[in-house]
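Morning, everyone. I have one structure to walk you through today. Let's put it on the screen.

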Amino acid sequence: MIRLGLLARGLIVMVTIALLALSSSVTLGHVFAATRPAIAARLIPCNAVAKATDARTTAYSSEATQAEVMAARAQAVAALRCSPLISRALVVLALERLRNGDQQQSHLFLKQAERLSRRDLDAQLLLLEDAVVRRDVTETLAHYDTALRTNIAAAPVLFPTLATAIADPGLQPEILALLRTSPPWSEPFFVAAARQPAALPELPSIFAKLGDAYRPSDLLQRHVMKRLIATDNFGPAGTLLYQITGRTFPASERITSGNFTLSGEWPPFDWELLDGAGLGASLDNANAGLDVFSNGQSGVAAQQILSLPPGTFMIKTDAQATRDPNGYASWHVTCATKDKQTLAILTIPAVGDRVAVSKRFQVPVGCRYQWIRLTFTAGDSEYRQVVVRSVGIEPA
């Protein structure tokens with residue numbers, strides 16, 4: 001009896017050790033299946049994920065020899081024998097067929113892989129490419145949608161091409177139809193589209209065409225507005241301003257809040273205050289004024305975008321500047337073009353008293369938009385201050 005008890009305990013210990021070893025190998029096999037597939041395949045000879053992953057590396061290699069490709073194919077077939085639900089193995093078979101010019105069989109393998117798992121990004125991208133080759137826009141967009149819904153990590157690869165496509169009048173209607181279904185990737189897509197030169201100026205009209213089917217967030221609208229201004233797309237920026245606020249651009253008063261009573265939420269259509277080290281500006285709405293100071297720093301303190309038609313105008317300002325031998329603050333009106341042509345410089349006299357000054361200037365043809373900027377030019381580190389009560393531009 002004692003011997004039987006010892007034997008039983010010994011058998012239990014052996015079985016336990018064996019189970020632990022098996023469990024460890026299975027666990028390690030799953031851990032290494034994606035990261036170290038060759039090791040995983042040795043730990044568990046029938047690890048389908050490891051075999052398929054290892055085969056995929058070879059299949060995607062442009063330097064793989066024909067023999068290596070065939071070995072990868074054999075490994076994919078072995079993976080499917082271990083588990084017929086491994087979509088990755090079917091992608092390997094599809095790539096092998098594609099290398100040999102059998103596009104039809106490759107397509108069948110990919111469709112089978114998609115049926116097994118819509119999350120297989122390799123299958124979606126290859127099916128997408130296949131649809132592009134066949135000029136099937138509807139199917140192409142369907143694969144875009146599936147790939148982005150199931151793998152948002154694919155966005156950096158897919159968004160730039162889709163953003164360029166949405167600017168194409170021939171492709172835009174179908175892309176808009178997809179966006180009207182409110183896919184979860186819409187917002188990040190438009191953020192990415194704002195970085196594409198072809199798509200950026202089209203975004204305000206695209207938002208309008210989508211209507212109630214898609215309402216851009218405030219954060220997205222500000223991002224698009226910022227990008228439009230930064231790239232000198234002032235016309236589309238004005239369109240976006242109207243869509244958001246109902247305000248028209250150009251405004252009838254030529255300068256928005258020229259008496260500084262309203263802060264406004266959409267610079268530079270409203271005043272944009274550019275604070276920096278040693279140079280700052282703030283709107284004093286209660287006392288109707290623009291307060292600007294400098295500790296010897298030069299630069300732009302405030303600015304606004306304008307849209308004056310060709311013709312002759314008068315710029316006038318009412319301001320008080322700290323007494324100084326030289327005038328250090330001035331209004332600059334320049335064309336918002338690459339050459340940044342200066343149209344007018346109106347210096348605020350640094351006499352220590354409130355003064356009103358004006359200057360006539362001409363807006364030439366071809367200068368569709370202009371910047372008006374309050375600029376400081378300081379030669380030493382002394383503190384200087386300007387309080388502007390008003391600035392206006394009227395036809396001369």
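Start at Thr 334. Its bridge partner in strand E7 is Thr 342. This is a predicted model, so keep that in mind throughout. A second bridge partner pair involves His 332, which is matched in E7 by Ile 345. How many bridges join E6 to E7? Six, and the two strands run antiparallel.

Now the turn between them. E6 and E7 make a hairpin with six residues between the strands. Look at Lys 340 in that hairpin: its phi is positive, near 50°.

E6 has another partner, E9. Those two pair over seven bridges, again in the antiparallel sense. Take Trp 331: its bridge partner in E9 is Leu 374.

Step back to the sheet. Five strands form it, and it is open. The order is E1-E4-E9-E6-E7, with antiparallel pairing. Which strands sit at the edges? Strand E1, residues 272-273, and strand E7, residues 342-348. Each of these pairs on one side only.

How covered is E6? Mostly: six of its seven residues are buried. One buried residue to remember is Cys 335, at 3% relative accessibility.

That brings me to the disulfide. The structure holds one. Cys 335 and Cys 367 form it, with their sulfur atoms 2.1 Å apart. The angle about the S-S bond is -120°, and the link is left-handed. Where are the two cysteines? Cys 335 lies in strand E6, residues 329-335. Cys 367 lies in the loop between strand E8, residues 354-363, and E9. The pair therefore ties together parts that are 32 residues apart in sequence. Cys 367 is buried too, with a relative accessible area of 4%.

Next, Arg 368. Its charged end sits over the ring of Tyr 369, 4.9 Å from the ring centre. The side chain of Arg 368 also makes a polar contact of 2.4 Å with the side chain of Ser 307.

So where is Ser 307? In the loop between strand E4, residues 299-306, and strand E5, residues 311-321. Is Ser 307 buried or exposed? Its relative accessibility is 9%, so Ser 307 counts as buried. What does Ser 307 touch, leaving out residues up to four places away in sequence? Phe 249, Pro 250, Arg 368, Tyr 369 and Gln 370.

There is another arginine over a ring. Arg 222 lies over the face of Trp 266, at 4.0 Å from the ring centre.

On to aromatics. The structure holds 16 aromatic pairs. One of them is Phe 190 with Phe 207. The centres are 5.1 Å apart, the planes are at 70°, and the pair is edge-to-face. Phe 190 is in helix H11, residues 186-193, and Phe 207 is in helix H12, residues 203-210. That links distant parts of the chain, 17 residues apart. Both Phe 190 and Phe 207 are buried.

Compare another pair, Phe 293 and Tyr 383. Their ring centres are 6.1 Å apart and their planes are at 15°, so this pair is stacked. Phe 293 is in strand E3, residues 289-294. Tyr 383 is in the loop between strand E9, residues 370-376, and strand E10, residues 384-395. The pair therefore ties together parts 90 residues apart in sequence. How accessible are the two? Phe 293 is at 30% relative accessibility, so Phe 293 counts as partly exposed. Tyr 383 is at 46%, and Tyr 383 also counts as partly exposed.

Back to the helices. Phe 190 and Phe 207 belong to one aromatic cluster, together with Phe 159, Trp 185, Phe 189 and Tyr 214.

Between H11 and H12 there is a loop, and Gln 196 is in it. Which residues does Gln 196 contact, leaving aside neighbours within four places in sequence? Pro 160, Ala 163 and Thr 164. Gln 196 and Ala 163 are 33 residues apart in sequence, yet 6.8 Å apart in space, C-alpha to C-alpha.

Last, the whole protein. There are 14 helices and 10 strands. Of the 396 residues, 42% are buried. Now take the contacts between residues at least 6 apart in sequence: 64% of them join residues at least 24 apart.

That's the tour. Thanks.

Key. Residues numbered from 1 in each chain as written. Predicted model: local features only at pLDDT ≥ 70, side-chain atom pairs only at ≥ 80, totals over all residues. Heavy atoms only, no water. Phe/Tyr/Trp six-rings, centres within 6.5 Å; stacked < 30°, edge-to-face > 60°. Helix = DSSP H or I, 4+ residues; strand = E, 2+ residues; numbered from the N terminus. Buried < 20%, exposed > 50% of the residue type's maximum accessible area, 1.4 Å probe, protein only. Lys NZ or Arg CZ within 6 Å of the ring centre and 35° of its normal. Contact = heavy atoms within 4.5 Å. Polar contact = N/O pair within 3.5 Å; in protein donor to acceptor, adjacent residues only side chain to side chain. Disulfide = S-S within 2.5 Å. Pairing = 2+ DSSP bridges.
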